[in-house]
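Student: Could you take me slowly through one part of this model, the place where the two chains meet? I would like one connected account that I can follow beside the picture.

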Number of protein chains: 2
Amino acid sequence: MSVPNAEENNNEMVVTPWEVKGEVDYQRLIKEFGTQPLTSQLLQRVEKHTDRLHLQLEREIFFSHRDLDTVLDLYDKGTKFVLYTGRGPSGPVHIGHLVPWIFTLHMQKTFKTRLYFQLTDDEKYLISDNADLKTTAKWSYENALDLIALGFKPEDTFIIYDTKDIDLLYSITLEVAKRITYSTARSSFGFQDSTNIGWVYWPAIQAAPCFIHKKLTGENVPALIPAAIDQDPYWRVTRDIAQKLGYYKPAQIHCRFLPGLGAGGKMSASMPETSIFTTDQPDAVKKKIWTAFTGGKGTAAEQRKTGADPTVCSIFQYYFFLFEQDNKKLSERERKCRGGEMLCGECKKDLAEKLNEFLMKHQECREKAKDKIEQYHIKRK
Amino acid sequence: MSVPNAEENNNEMVVTPWEVKGEVDYQRLIKEFGTQPLTSQLLQRVEKHTDRLHLQLEREIFFSHRDLDTVLDLYDKGTKFVLYTGRGPSGPVHIGHLVPWIFTLHMQKTFKTRLYFQLTDDEKYLISDNADLKTTAKWSYENALDLIALGFKPEDTFIIYDTKDIDLLYSITLEVAKRITYSTARSSFGFQDSTNIGWVYWPAIQAAPCFIHKKLTGENVPALIPAAIDQDPYWRVTRDIAQKLGYYKPAQIHCRFLPGLGAGGKMSASMPETSIFTTDQPDAVKKKIWTAFTGGKGTAAEQRKTGADPTVCSIFQYYFFLFEQDNKKLSERERKCRGGEMLCGECKKDLAEKLNEFLMKHQECREKAKDKIEQYHIKRK
């Protein structure tokens, strides 16, 4: 079975729910997907609800949206929203996965709202020839630990495991599926004759958590989905039918991909040498960082003379996305890099230390999460 | 949304899981569907297990099969089988629906085996623009009462309500769906671009009960499906993938449709004036029988002279399918009809009496079924 829309050309940008490769042009995605840029005016509206604009908004890591303005209008008039995001449990979680989750946690705290988090073990089983349900269920469990480790509170965090919780989702998936024709699904997702019928149905299952809050509580509120932009086709088809079913259209806020440690492309679990996993041990982290792609020069002498290029450097992106929250210090690092004052070795050493410090704490929390994971399960509520 | 494979020509035979119309040529169906005729040799093998060949086998109401011989081979060597049949709960049950259920009960008693009975409220919701889930769930309940009223015992009868029991079916549906391409589904079921994605997935849900026994008990045994032949496309795709998944291919035994009381076509709940429902009251039954299509002549005088034609008579079919179990008496009735000795009025009056007697008992049992329906629910086992 082939992945829909897979392209042969390695340089070409491909952004689908199943594949992201090539150099990603985010402005082009806004146009192609028909989403809205996050304007400074809109960011000011978000800032009003918090002390300081979140780093990921300030740095335009979240860069695009659908209906965030509508959600804020409703909120100002007293209609809350719920957050919804998720994860396809195909393997271990890497640092790139944590980016939107960290932002989601911030939004949950700021707006005091509920999060539905979907673990799509069924999807991962359907789209991969080699996957089996036992393994995808195991990764669901492992990935949930990473979510919980970030500090989400059980009272406001409802984790949905698709294969365990299908009974809660099923009637909504039927409502949705009845209103999406094969033709619409094919054009939205690039399905082909060889696509299996489970995959064809699956968009209805990803749609269901957008509407589950009403089913569970009776409250009709919109869902706001913080997620990487590759998932947008799902929300497009869901938005088209939401109102016919008596729900609000799901709103979204889209983030960029944290690049991998290689040259170009998002961090991907299928290239483990270019990804930092949350369970990586210090030596492995040091080694991966040490061999990472940077904007450095062939020799130290040359780099001291001409400086390096942080715009293509994977290490610099780590500071930018997560590990240097102080804007002044980040600018200083950039200046030293461009000026040849700080070489890649030093920059890598600093990052490896910061990463290992972060991971040590994360791994501690992840261990503790094992004792409380059931408190987050939607079935326990 | 249009029904796949719907034909405009009214006389043409159309037999799909969603539509049966025109004059049904069963020999042609055996050829077109690629099934096997029930040979006398095979019937003798069944007869060995029972006192007398069941009326529906003797009269070739069940006329075709797939792998019944294999199931009997396995049975003789000590591998049992389970029975599986079901009902799409789109409305009330009529006498035509009872035909294969009565046979199924006989098979259950003869071979002392378990029955899985699927009520496909999800399908009925997906394929009809006007259906809602509350109504299809209500008909599931009502239709289950009719099944139970026939005398099935709770210890061997496991009723599956799709929307209630999806959690038991889901992992099997995923296994199945992953191995059916859209292309296969389209050619097997006539899906079109306008078909909704729920309908496209649905064959995987009808397949699941074929394999559920292994999931529940660990025993790998084949399923034998007594059902009308219009459902055959479902089993064709299921058979193609069964062995890859480690299951036996489901076997089938196919029955004819009880004709409606009009001229030609199967009894259909969408034409209530030509169907006898299990909840009909005596006066309604009398009226429907009175206006039924027969092979009679324009006047009594003419009919006395030239006789009538039982082969086109809907009333005669009722005797043949269910209400005259004595072959000699049936022949006698036919002789009198052809000879003009017995007119349609008398034949109708007899049938209305027999029908009302049957329905009175059935309705009593149906009332009693309300108190024990939960004992049959697969979730209660």
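Tutor:

**Where chain B meets chain A**

The contact draws 35 residues from chain B and 35 residues from chain A, and you should keep in mind throughout that this is a predicted model. The size of an interface is often given as the accessible area lost when the parts come together. Here the area buried between chain B and chain A is about 2900 Å², and carbon and sulfur atoms give 68% of that area. On the chain B side, the residues that lose the most area to chain A are B:Tyr170, B:Lys178 and B:Ile197, which together account for 28% of what that side buries.

Turning to polar links, the count between chain B and chain A is 20 residue pairs in polar contact, and the rule finds two salt bridges across this interface. A salt bridge joins B:Asp193 to A:Arg186, with their closest N and O atoms 2.8 Å apart. If you now ask which elements of chain B give two or more residues to the side that touches chain A, they are helix H6 (121–127), helix H8 (162–178), helix H9 (182–189), helix H10 (197–201) and helix H11 (203–217). Of that side, the largest share comes from H8(B), with 10 residues. Sorted by class, the side of chain B that touches chain A has 16 nonpolar, 10 polar and nine charged residues.

Terms used
Residues are numbered from 1 along each chain as its sequence is written. Chains are lettered from A and ligands numbered from 1 in the order in which they are written. This is a predicted model: local features need pLDDT of at least 70, side-chain atom pairs count only at pLDDT 80 or more; totals for chains, interfaces and linings use all residues. Side-chain values use heavy atoms; hydrogens and water are left out. Contact means heavy atoms within 4.5 Å. Buried area is the accessible area (1.4 Å probe) that two parts lose on being put together, summed over both. A salt bridge is a side-chain nitrogen of Lys or Arg within 4 Å of a carboxyl oxygen of Asp or Glu. A polar contact is a pair of N or O atoms within 3.5 Å; within protein, one must be able to donate a hydrogen and the other to accept it, and residues adjacent in sequence count only if both atoms are side-chain atoms. Helices (H or I, at least four residues) and strands (E, at least two) are DSSP runs, numbered from the N terminus. Ala, Val, Leu, Ile, Met, Phe, Trp, Tyr, Cys and Pro count as nonpolar, Asp, Glu, Lys and Arg as charged, and the others, Gly among them, as polar.
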